[in-house]
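Colleague: I'm new to reading protein models, so could we go through this one together? Please show me the structure before we begin.

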Amino acid sequence: MKLTLQIWRQPSAEADGNFEIYTVGGVSEDMSFLEMIDQLNRQIVLDGGEPVAFDHDCREGICGMCSMVINGEVHGPIKGTTTCQLHMRSFKDGAKIVIEPFRAKAFPVVKDLAVDRSAFDAIITAGGFITSRTGSAPDGNAILVPKEDADQAMDAAACIGCGGCVAACPNAAAMLFTAAKVTHLGSLPQGQPERRARALSMVQEMDSQGFGNCTNERECEAACPKEISVMTIAQMNRDYLRASIAGDEA
Amino acid sequence: MSAFNSQLNSHSPTGPIEDRWTNHRFDLNLINPANRRKFKVIVVGTGLAGGSAAATLAEMGYEVTSFCIQDSPRRAHSIAAQGGINASKNYQNDGDSTYRLFYDTVKGGDFRARESNVYRLAQVSGQIIDQCAAQGVPFAREYGGYLANRSFGGAQVSRTFYARGQTGQQLLIGAYSALMRQVSAGKVELLPRREMVELVTVDGVASGVVVRNLITGEYERHAADAVLLCTGGYGNVFFLSTNAQASNVTAAWRCHKKGAYFANPCFTQIHPTCIPVSGDHQSKLTLMSESLRNDGRVWVPAKAGDTRAPADIPESERDYYLERRYPSFGNLVPRDVASRASKLECDEGRGIGNTGLAVYLDFADAIKRDGEDAIRQRYGNLFQMYQMITGEDPYRTPMRIFPAVHYTMGGLWVDYNLQTTVPGLFALGEANFSDHGANRLGASALMQGLSDGYFVAPATITAHLASGNVKRVSIDHPAFEEAEAHAKARSNKLLSIQGGRTVEGLHRDLGQIMWDMVGMSRSGAGLRDAISQIRALREEFWSEVRVPGENSHLNPSLEKAGRVADFMEFGELMAQDALNREESCGGHFREEHQTEDGEAARNDEDFSYAAAWEHQGVDKEASLNKEDLTFEYVKPSTRSYK
Ligand SMILES: Cc1cc2nc3c(=O)[nH]c(=O)nc-3n(C[C@H](O)[C@H](O)[C@H](O)COP(=O)(O)OP(=O)(O)OC[C@H]3O[C@@H](n4cnc5c(N)ncnc54)[C@H](O)[C@@H]3O)c2cc1C
Ligand code: FES
């Protein structure tokens, strides 16, 4: 197939960006979306230009590196997939595709389609862990975890930290990301001692990193490649409220 | 080849194997908690090995600097591991024990691993599960709340712990969260989007690294008292593999050029269950977890050239060749055996699909027996992934699978302390060669990475730190000047060539040579041919490559070019190692050395050693050092899974 691509080009964080139009031919429907961009980049390089920079690594939907908005949709048109898992059989020959980076104040563009998501690491640093020093753990079966709780924790822990939820949210809020972690750890017996303090400090960090507020648009859930539920947000709000009322130290 | 030197000392303790690790730890010098903060440790890589090591060393009080290529430590290639992690807990009461895990691993590795290391691995395996459970890793549970297990290839017990099909992700998130806790405590300086491009040595001792800041292009110098290399495997030398795109040999190779010996580079694992290649646009291959072989049955049409759809081939005209050839292990034979068997079927014309390079992995019986829901519970995300890539529904029609490069058993040579031949430089995880011999058993890489990082290196690092051999210098030391100048010159050279070929195209060519001649089946003539072809390609690379852009900003082409340049040198060493090893063992199959029924013929008389190669300069043959392997416990026997 042959496609017309309109791609956001921006040389660096400081520079201004703009859309450029490219045509790319010889696209097979078995190609992944990123392989289609590889094809374009080969063409650009041999024509003497600079290829489109984008983040990617595992190319199988688990590392959370890839991060494109395709025709206005985070990770493209197919539900529950990352950009790297999207295949060209989802597009028609001759299609025009607009490709942009994830856009959010807290995710500045690094170059072209690559953005800086270190604000997510900062949120985890604020409390997205269980304090358990290496060597101090009891036998694995000493802590029983009911299967439903383990499953609930796993559902939330499936988050790949791609930031699609932020990019999809009209307020660029990081609620789903933060709530997924709070719910993952808070669903497990191991996570109880720090449960409230965790919610409190992660939410505070989220705010200070410049993410917006949640107004229940649920766009995050719709865009999430791992289909994490907004129920996690309700869970986080409860933990946060309890912590605030109890006046826990963050 | 120069004569081998027998200086390699593995520092392996002696005495009863079950006491070795305990005694060794007691014999190692300790550094008291107040003094630990005076030591600075660099950890390169944040996968399971690097993440767990950095977190643990920081908890113990060391000052740690951690680097990774990706934008966040949580994205290291370990994240992609699917199936599970082994531990000899014997929670299933099926006869597992430390000794059995040790035995299975030595045998699975085809008697090319060091017994002391493997025993230690089995010994700490249980603690890893404890540690991860305490961190909140959501392992699969039974209804009573206890930890669940599944079986993996090469074992007759059920000892694999898992978190759906995302075990690597969950373990890595555990290590990452422990790491971030130490970042918040101010004990770890975290520097993502950095690529280590040089090891700095002073009087032969590791004293720091030079990294390239991938955003600004600046070269940064970091001095330390010890350097831990946790940079993963080199499977991408084949271009197509199941590895993440950034996986590379660069960090290990640059250390090799500074004196670290490279051991058994030809030991590569070709995983039997991957989605077959669909065209030449392909940038990677996708693994379908080995756990699928618990329920999936592998078959091909019994007649060569049978092109009927799978559903039209009656039971009596199918050959379940693994069950037929290996009745006791059946579909769960180790990976090397399974991969070679499917290659054989395809070579003989029984391969399926339009390329003829695939076999079926069929779940129909399992679905009939346990119901579709049960299968969905077990493998839902894998089935979904398969469908997304191929457009076919594995609940209705069998999967098509074919072997692909997956893991590299070879790596930097390390002693029992995980120290390389460069004092102060340690290698952990897939980057070292230590525990898997010539073939790794499924679910054992995660175990080894975490064993190295949580439990081994944090204890053994004092072998260097308390040795009086530490060379801490300022970053203005001439050794740093020189290393940085070298790295810069290399990038400038790459950018200046402006030839007519893309980095990717050249990489693809290298991969083809490696796959054809240094892949699943190797011969003396083929390997010699590979070496001359790699040399010619390397020359072409350095005169024809086109690297666009500049050094001073994010430039993925330049990063890739540097890595491919190293693969071009490393590929030759792999072929040389494969040529030297005149036997077949594990993942290394030499056509000249096989039994009558096509099984690997090992040669213990002449090759019961780890081959540790010493760099002599590019375009010169590396020299061979041998670490003789002795087996006091698991007596080498012909590996049989029949
Ligand atoms: C698809 C797949 C599935 C797998 N499934 C399983 C499984 O079920 N069970 C199992 O036991 N094993 C499995 N494995 C193998 C296992 O995942 C790996 O062997 C293991 O995770 C490697 O961990 P590591 O910490 O050594 O390296 P990696 O996770 O590869 O981490 C390497 C780190 O080093 C960094 N790095 C690399 N080079 C540089 C450099 N030059 N400068 C700075 N940083 C650098 C990277 O950024 C990264 O942080 C699987 C492998 C694959 C490919
Ligand atoms: S590249 Fe890893 S999730 Fe897309």
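Colleague: Which residue with a positive phi follows helix 4 of chain B?

Modeller: Keep in mind that this is a predicted model. Just after helix 4 of chain B, the backbone takes a phi near 55°, which is positive. The residue with that angle is Asp110(B).

Colleague: Against which helices do the buried residues of helix 4 of chain B pack?

Modeller: Let's start with the residues themselves: Leu101(B), Phe102(B), Asp104(B), Thr105(B), Val106(B), Lys107(B) and Gly108(B) are buried in this helix. The partners of these buried residues belong to chain B as well. They are helix 1 (17–27), helix 5 and helix 12 (445–460).

Colleague: How are helix 4 and helix 5 of chain B oriented to each other?

Modeller: Two packed helices are described by the angle between their axes and the distance between the axes. For helix 4 (residues 98–108) and helix 5 (residues 115–135) of chain B, the axes come within 8 Å and cross at roughly 135°. An angle over 145 degrees would count as roughly antiparallel, and 65 to 115 as roughly perpendicular. The crossing fits neither, so helix 4 and helix 5 of chain B are oblique.

Colleague: What is the make-up by class of the contact of helix 4 with helix 5 of chain B?

Modeller: Helix 4 of chain B brings Thr98(B), Tyr99(B), Leu101(B), Phe102(B), Thr105(B) and Val106(B) to this contact. From helix 5 of chain B come Glu115(B), Val118(B), Tyr119(B), Ala122(B), Gln123(B) and Ser125(B). Sorted by class, the residues of the contact are seven nonpolar, four polar and one charged.

Colleague: Helix 7 of chain B also passes another helix, helix 17 of chain B. Is that crossing left-handed or right-handed?

Modeller: Here the axes of helix 7 (residues 250–257) and helix 17 (residues 556–580) of chain B come within 9 Å and cross at roughly 60°. That angle makes helix 7 of chain B oblique to helix 17 of chain B. As for the hand, helix 7 of chain B passes helix 17 of chain B in a crossing that is left-handed.

Colleague: How many charged residues are in the contact of helix 7 with helix 17 of chain B?

Modeller: On the helix 7 side of chain B, we find Thr250(B), Trp253(B), Arg254(B), His256(B) and Lys257(B). They meet Gly562(B), Arg563(B), Asp566(B), Glu569(B), Phe570(B) and Leu573(B) in helix 17 of chain B. The nonpolar residues number three and the polar ones three, while the charged residues number five.

Colleague: Is Glu583(B) buried or exposed?

Modeller: Glu583(B) sits in the loop between helix 17 and helix 18 (604–607) of chain B. Beyond its neighbours within four places in sequence, it is in contact with several residues, among them Arg112(B), His588(B), Arg590(B) and Phe607(B). Buried means under 20% relative accessible area. Glu583(B) has a value of 0%, so it is buried.

Colleague: Which residues does Ser289(B) contact, leaving aside its neighbours within four places in sequence?

Modeller: Ser289(B) belongs to the loop between strand 11 (268–274) and strand 12 (297–301) of chain B. Its relative accessibility is 2%, so Ser289(B) counts as buried. With those neighbours set aside, its contacts are Gln82(B), Gly83(B), Phe152(B), Thr273(B) and Leu382(B).

Colleague: Does a positive phi turn up elsewhere, and is Asp203(B) buried or exposed?

Modeller: Phi of Asp203(B) is positive, near 50°. This residue lies in the loop between strand 6 (194–202) and strand 7 (205–213) of chain B. Exposed means over 50% relative accessible area. With 65% relative accessibility, Asp203(B) therefore counts as exposed.

Colleague: Over in chain A, is Arg59(A) buried or exposed?

Modeller: Arg59(A) is found in the loop between helix 1 (33–46) and strand 3 (68–70) of chain A. Its phi is near 55°, a positive value in a residue other than glycine. The relative accessible area is 8%, so Arg59(A) is buried.

Colleague: How far apart are the C-alpha centres of domain 1 and domain 2 of chain A?

Modeller: Chain A is divided into domain 1 (3–111) and domain 2 (118–246). Their contact takes 17 residues from domain 1 and 21 residues from domain 2 of chain A. The distance between the two C-alpha centres is 29 Å.

Definitions and conventions
Residues are numbered from 1 along each chain as its sequence is written. Chains are lettered from A and ligands numbered from 1 in the order in which they are written. This is a predicted model: local features need pLDDT of at least 70, side-chain atom pairs count only at pLDDT 80 or more; totals for chains, interfaces and linings use all residues. Side-chain values use heavy atoms; hydrogens and water are left out. Helices (H or I, at least four residues) and strands (E, at least two) are DSSP runs, numbered from the N terminus. Buried means under 20% relative accessible area, exposed over 50%, partly exposed in between (1.4 Å probe, protein chains only). Contact means heavy atoms within 4.5 Å. Axes are lines fitted to C-alpha atoms, for helices over the stretch in contact, and angles run from 0 to 180 degrees between N-to-C directions. Angles under 35 degrees count as roughly parallel, over 145 as roughly antiparallel, 65 to 115 as roughly perpendicular and the rest as oblique. Ala, Val, Leu, Ile, Met, Phe, Trp, Tyr, Cys and Pro count as nonpolar, Asp, Glu, Lys and Arg as charged, and the others, Gly among them, as polar. Domain bounds come from an automatic or database domain assignment. A crossing is left-handed if the near helix is turned anticlockwise from the far one by less than a right angle, and right-handed if clockwise.
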